[in-house]
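This report describes a single protein chain, from its overall fold to one helix and one pocket. The sequence and the structure are shown first.

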Amino acid sequence: NLLPVIPLNLPLGNTNFLHVSFSLAAVSLVAVSLTSRYGELNTYKELVSHLDSYNQLLRTQEEELKQNYEELSMQRENLEQTVIYLNEKNSHLSVAMKIAKMGSHQFYFGTNLSNWSEELLDLLEVKDKYTFEPKTFITEFVHPDDLTFVQQEIGAAIVNLSNYECSFRIF
């Protein structure tokens, strides 16, 4: 239910009452311990008045939902266009990195996950990209003369939880 149930007790005489609950799914009327077949006229008018008010509230909320739906539809369309644009840019970047014989690697400290570009794995001549062990990258591919520098840069980034960027030779 989008709306809470609103209980409403209306007197129908000395000992009788009518319990009315409103919900978005249905409007239900439950008569409890009725001994009389006729309610007071004012009670009926009050009930009609409450139902009219509730119907107006439902119409207002329906309009709000329609507006929200339209806004969300526009946002979704914008996001879909953004995804298409980013995919095109990613494709262009991939081609440029292949031409320049470059690659990229990102390591995410929070999740301990890394992302290796296809171009970098191709440059490193990694045969099986699915069993490649990123932890061995430094010792296997970094040139020995650059190894200490690269380990220091990565270590400082881990300690400081900061970004790092370094250039080094591979072999």
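Helices and strands are DSSP runs, of at least four and at least two residues respectively, and are numbered from the N terminus. The model discussed here is predicted.

**Overall fold**

The chain contains four helices and five strands. Read from the N terminus, these elements follow the order β-β-β-α-β-β-α-α-α. Of the 171 residues in the chain, 18% are buried. Among the contacts with a separation of 6 or more, 32% join residues 24 or more positions apart. The accessible surface amounts to about 13400 Å², and carbon and sulfur atoms hold 56% of that surface.

**The largest pocket**

The largest pocket encloses about 1000 Å³ of space. Its lining comprises 29 residues, and those closest to its centre are His105, Gln106, Phe107, Ile154 and Tyr164. Two or more lining residues come from each of β4 (105-108), β5 (113-116), α3 and α4. The greatest contribution is that of β4, which supplies four residues.

**Helix α4**

Helix α4 covers residues 147-160. Its 14 residues should span 20 Å at 1.5 Å a residue, and the end C-alpha atoms are 20 Å apart, so the expected and computed values agree. Val150, Ile154 and Ala157 are the buried residues of α4. Viewed down the helix axis, these buried residues fall within an arc of 60 degrees and therefore line one face of α4. That set of buried residues packs against α3 (137-141). Gln152, Val159 and Asn160, on the other side of α4, are exposed. Ile154 thus appears twice in this account: it is one of the buried residues of α4, and it is also among the residues closest to the centre of the largest pocket. After α4 comes Leu161, which has a positive phi, near 50 degrees.

The two sides of α4 are set out below.

| Side of α4 | Residues | State |
|---|---|---|
| Buried residues | Val150, Ile154, Ala157 | buried, under 20% relative accessible area |
| Other side | Gln152, Val159, Asn160 | exposed, over 50% relative accessible area |

**Glu140 in helix α3**

Helix α3 includes Glu140. Is Glu140 buried, exposed or partly exposed? Its relative accessible area is 43%, and Glu140 is therefore partly exposed, as this class lies between the cut-offs of 20% and 50%. Glu140 and Ile170 are 30 residues apart along the chain, and a distance of 8.8 Å separates their C-alpha atoms.

Conventions. Residues are numbered from 1 along each chain as its sequence is written. This is a predicted model: local features need pLDDT of at least 70, side-chain atom pairs count only at pLDDT 80 or more; totals for chains, interfaces and linings use all residues. Side-chain values use heavy atoms; hydrogens and water are left out. The expected span of a helix is 1.5 Å times one less than its number of residues. Buried means under 20% relative accessible area, exposed over 50%, partly exposed in between (1.4 Å probe, protein chains only). The arc is that of the directions from the helix axis to the C-beta atoms. Contact means heavy atoms within 4.5 Å. Accessible areas come from the Shrake-Rupley method with a 1.4 Å probe; for residues, only the protein chains shown count as cover. On a 1 Å grid over the protein atoms alone, a cavity is a set of points where a 1.4 Å probe fits but cannot get out, and a pocket is an open set with protein on both sides within 12 Å along at least five of seven lines; lining residues have an atom within 4 Å of a point. Grid points are joined across faces, edges and corners, and a volume is the space filled by probe spheres set on the points.
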